[in-house]
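Subject: Handover of a structure

Hello,

Please find the structure below. My notes come straight after it.

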Amino acid sequence: MEDNSRKDIRALLKTFGVKADEAIVGHLAKNPDVKQLSLKVTLEDLTDYGSSSPNGELSFVVDGQINR
């Protein structure tokens, strides 16, 4: 894999991490009585492959809880 691809992946994940953190912290602030959030993070390939199909499916899911 090329270095540019790795840099793009890391930049995308860093942006997601920062924005997800802000969204979760904001949600917790608006819902102070919640003791535990149950969350699911899903990675889905939205690429338009045209008339061809991708070699394999890109699908990844992580479930977890955030406790106060």
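The notes cover a pocket, a surface patch and two residues.

This is a predicted model, where local features need pLDDT of at least 70, side-chain atom pairs count only at pLDDT 80 or more, and totals for chains, interfaces and linings use all residues. Residues are numbered from 1 along each chain as its sequence is written, and side-chain values use heavy atoms, without hydrogens and water.

The pocket: the largest one holds about 360 Å³ of space. Its lining has 14 residues, and L12, L13, T42, L43 and E44 are the closest to its centre. (A pocket is an open set of points on a 1 Å grid over the protein atoms alone, where a 1.4 Å probe fits, with protein on both sides within 12 Å along at least five of seven lines; lining residues have an atom within 4 Å of a point.) By class, 10 lining residues are nonpolar, 2 polar and 2 charged.

The patch: F16, V41, L43, L58, F60 and V62 make a nonpolar surface patch of about 540 Å². (Patch residues have over 30% relative accessible area and no salt bridge, and nonpolar side chains are joined within 5 Å; a salt bridge is a side-chain nitrogen of Lys or Arg within 4 Å of a carboxyl oxygen of Asp or Glu.)

Two residues: L58 is partly exposed, at 47% relative accessibility (20% to 50%, with a 1.4 Å probe and protein chains only). T42 is also partly exposed, at 49%. T42 and V61 are 19 residues apart in sequence, yet their C-alpha atoms are 4.5 Å apart in space.

Best wishes

Technical notes
Grid points are joined across faces, edges and corners, and a volume is the space filled by probe spheres set on the points. Ala, Val, Leu, Ile, Met, Phe, Trp, Tyr, Cys and Pro count as nonpolar, Asp, Glu, Lys and Arg as charged, and the others, Gly among them, as polar. Patches are made of residues with over 30% relative accessible area and no salt bridge: like charges are joined within 9 Å, nonpolar side chains (Val, Leu, Ile, Met, Phe, Trp, Tyr) within 5 Å. Accessible areas come from the Shrake-Rupley method with a 1.4 Å probe; for residues, only the protein chains shown count as cover.
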